[in-house]
Structure formats: C-alpha cells, structure tokens
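Please look at how the two protein chains meet, and then at how they meet the DNA.

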Protein chains: 2
Amino acid sequence: MRKTFLFLDTIINKVDAKGRVSLPSDYRAIVKELSTEIVCYRSLTSPCIEGCTEDLLEKLAADIESSTDFFSETQDDLTNLVFGDAKRFSFDSTGRIMLTEKLLKHAEITDTAVFVGKGRKFQIWSLENWTKEEQRLREKIKNNRPSLKAEGNND
Amino acid sequence: MRKTFLFLDTIINKVDAKGRVSLPSDYRAIVKELSTEIVCYRSLTSPCIEGCTEDLLEKLAADIESSTDFFSETQDDLTNLVFGDAKRFSFDSTGRIMLTEKLLKHAEITDTAVFVGKGRKFQIWSLENWTKEEQRLREKIKNNRPSLKAEGNND
DNA sequence: TGGTATAACATGGTATTTTATGGGAATCAA
DNA sequence: TTGATTCCCATAAAATACCATGTTATACCA
C-alpha cells in the first residue's frame with residue numbers, strides 16, 4: 001500500500017477534435033490506487049481548470065459539516081460554487097477524459113492542455129496562459145522567497 | 001522506526017545519451033529503507049537540480065494544507081511552484097534514473113553529473129558549475145566564518 | 001602485510017512494455 | 001436521422017526493464 005499520493009510535474013498533452021485528452025499516467029495511477037474518480041471545476045481565481053480526487057472533495061465536505069469557524073462565510077460561499085461547478089470525469093481504456101465545452105472555454109484551451117501538479121490538486125492550463133503564469137510565479141519568488149517549513153534551511 | 005538518514009558526500013557519475021545516470025548507491029539505500037521515491041526539481045536559486053525523498057514533499061503538502069486554507073492565494077502560488085516542477089524518479093534494477101531534458105538544461109548538464117549531499121536533500125550539478133560553486137562557498141567561509149550553534153569545527 | 005578472490009557498482013547496449021494519440025465502429029439520446 | 005459520446009483497434013514514440021561487461025571497492029587468506 002502506497003503512502004504518498006501527490007499530483008506532480010507539468011505535462012503537456014494534446015486535445016483532439018472530439019475534446020479528448022490523455023490524463024497523465026501518473027495521475028491515473030493515483031486514481032486507480034485510491035479507487036476514486038477525478039473531479040474538475042473552473043478555477044475561481046485563474047483562467048484554468050482545477051481538478052482533484054473525489055476523495056478530497058468529500059474531505060472538504062466533511063470538514064465543513066464538523067466545524068463552523070474553520071471556514072469563514074466567504075469560504076463557505078466559495079465552496080458552494082465549487083461543488084456546484086464540479087463534474088466527475090472517468091477515463092476510458094486508453095486513459096483519456098473528455099473535458100466539457102464550459103471548462104475548455106474558461107481555460108481558453110483549444111488544442112493543447114498543460115497539466116500542472118499541485119500536490120493534492122492539479123490544474124489544466126492552455127499553453128499560453130501557463131507560460132505567463134509560470135513566469136509570474138518565478139518573478140514573485142525572486143523578489144520574495146517563501147520559507148517552506150518542511151524544506152529546512154539551506155545556504 | 002525512523003533510522004537517521006542523510007544524503008552525504010560528493011559523487012561524480014556519467015550521464016549517457018538518453019539522460020540516464022546512476023543514482024549513488026548510498027542514496028539508493030535511503031530510498032529503499034524509507035520505501036519512498038526520489039523527487040527532483042529545478043533549484044529556485046541555483047543552476048542545479050535539487051532532489052529529496054517523496055516523503056519530504058508529502059510532509060510539505062500536509063504542512064501547507066494545515067497552515068493555510070483550501071482557497072488561499074499563498075497556498076496556490078506555493079503549490080504551483082513546488083509540486084508543478086517536481087517529478088518522481090524511480091530507478092531500474094541497475095540503479096539508474098532518467099533525468100528529463102528540462103532538468104538537465106536548467107543545470108547545464110551534458111555528460112557528467114555531480115551529486116552533492118545536503119542532508120535531507122541533495123543537488124545535482126554540472127562539473128563546471130559545481131567547481132565554481134564549491135570555490136565560491138569556500139571563499140565565502142574564509143571571509144566570514146559562520147557561527148554554528150552546534151559548535152561545528154572546520155579544519 | 002601483500003596478494004588474490006569476490007562482490008558491488010557504473011555504464012553501454014538491447015528488448016520489452018507503456019503511453020499518447022489518431023481513426024473508426026458501436027451505442028445512445030434528442 | 002443526426003450529433004454526440006463511448007468503446008475498440010492501430011501505431012509511433014517514449015519510458016522502462018533486462019542483460020553483458022569492465023572497473024572499482026571489499027573481503028578473505030596466507
């Protein structure tokens with residue numbers, strides 16, 4: 001039994017005329033391992049699609065039920081938006097999912113999808129938008145290096 | 001039953017035409033012991049590849065989850081940079097991993113890889129860049145000897 | 001201590017498997 | 001029927017496992 005389930009790496013796959021895309025094999029492995037499904041929804045903050053395992057959404061739902069103060073009212077509203085928008089995606093025998101028009105349009109994806117790992121979640125970008133976003137992030141880091149607890153101290 | 005483990009030493013191995021390199025056997029031993037995997041990503045600050053165990057990243061993911069909330073902007077940026085760039089590497093029966101073009105290019109590695117232990121992490125440099133870097137570090141120490149709380153003694 | 005046998009390792013090459021992706025047939029719904 | 005979705009097959013490319021060899025390090029013995 002594996003202990004770690006992280007969506008990692010950045011993978012570029014093609015979207016064909018029918019709207020089909022290969023889900024990266026690493027991602028597929030996670031879904032199989034957890035015997036769950038992939039869920040996607042429009043990102044609330046960026047022009048991209050966001051995805052995670054259905055497991056995670058269940059956990060989120062459970063958290064909301066059990067605690068009142070952990071999630072602010074705003075976050076509760078956001079959560080509603082996500083649940084309302086989220087759709088389950090299963091992949092066929094060759095590992096492809098079929099994204100909806102709504103999602104593709106929101107992410108401005110036409111023929112190329114960039115899968116970006118985010119640990120428990122992942123994102124799907126158009127090539128153009130991701131290029132810009134990555135640049136923005138690296139600039140930001142240059143000016144203000146974040147301290148990651150688990151990473152310890154170098155230098 | 002966590003045995004202590006540290007990535008140590010400096011080891012020079014060849015990179016073949018396919019990008020394959022032998023992971024130092026000491027490193028392999030650690031991976032086996034913890035039954036985890038190696039994860040590599042581009043260093044944010046230096047022209048080198050950085051690596052650690054997937055365990056460590058998993059811990060980081062947990063930290064990020066607990067310290068910020070589901071929709072936080074800081075979490076968003078951080079996770080994109082860290083997990084989006086990191087890639088899992090497993091080694092074959094002869095102990096080799098296959099580094100990607102992206103990583104090799106960032107570290108300016110062509111045919112020789114220098115593994116440098118950093119405790120919980122390690123780095124992979126090109127021979128030229130590591131020579132320079134080591135010199136720089138030793139110069140820096142000479143001019144401004146750091147005070148180590150643990151009372152370290154360098155000859 | 002010196003010398004040899006043995007094991008571990010790095011590394012080149014090759015074979016096998018996995019994966020991405022295009023196209024078409026079958027299925028289903030409006 | 002028509003348009004869309006699912007399923008299946010084919011193929012090329014990429015990743016991975018496997019085998020072989022020379023070299024280095026380690027263990028062993030006189």
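The paragraphs below describe a predicted model, taking the protein interface before the DNA surface.

Between the chains, 41 residues of chain B are in contact with 43 residues of chain A. The size of an interface is often given as the accessible area lost when the parts come together. For chain B and chain A the buried area is about 3700 Å², and carbon and sulfur atoms give 52% of that area.

The two chains are also linked by 7 salt bridges. One of the salt bridges found in the model pairs A:Arg120 with B:Glu58, whose closest N and O atoms are 2.8 Å apart. In addition, 12 residue pairs are in polar contact across the interface of chain B and chain A, both residues being at pLDDT 80 or more. On chain B, the elements that give two or more residues to the side touching chain A are strand S3 (38-42), helix H2 (54-67), helix H3 (73-85) and strand S5 (87-89). That side has 16 nonpolar, 6 polar and 19 charged residues.

Turning to the DNA, 22 residues lie around strand C, and A:Lys18, A:Arg28, B:Arg20, B:Arg28 and B:Arg96 come nearest. Of the atoms of DNA strand C within 4 Å of the protein, 42% belong to sugar or phosphate, and the rest to bases. Base oxygens of the strand lie 2.8 Å from a polar side-chain atom of B:Lys18 and 2.7 Å from one of B:Arg20. B:Arg28 instead has a side-chain N or O atom 2.7 Å from a phosphate oxygen. Strand S1 (10-14), strand S2 (20-22) and helix H1 (25-33) of chain A, together with strand S1 (10-14), strand S2 (20-22) and helix H1 (25-33) of chain B, each give two or more residues to this surface. By class, the surface near DNA strand C has 2 nonpolar, 8 polar and 12 charged residues.

Methods. Residues are numbered from 1 along each chain as its sequence is written. Chains are lettered from A and ligands numbered from 1 in the order in which they are written. This is a predicted model: local features need pLDDT of at least 70, side-chain atom pairs count only at pLDDT 80 or more; totals for chains, interfaces and linings use all residues. Side-chain values use heavy atoms; hydrogens and water are left out. Contact means heavy atoms within 4.5 Å. Buried area is the accessible area (1.4 Å probe) that two parts lose on being put together, summed over both. A salt bridge is a side-chain nitrogen of Lys or Arg within 4 Å of a carboxyl oxygen of Asp or Glu. A polar contact is a pair of N or O atoms within 3.5 Å; within protein, one must be able to donate a hydrogen and the other to accept it, and residues adjacent in sequence count only if both atoms are side-chain atoms. Helices (H or I, at least four residues) and strands (E, at least two) are DSSP runs, numbered from the N terminus. Ala, Val, Leu, Ile, Met, Phe, Trp, Tyr, Cys and Pro count as nonpolar, Asp, Glu, Lys and Arg as charged, and the others, Gly among them, as polar. A residue is near a molecule or strand if one of its heavy atoms lies within 4 Å of it.
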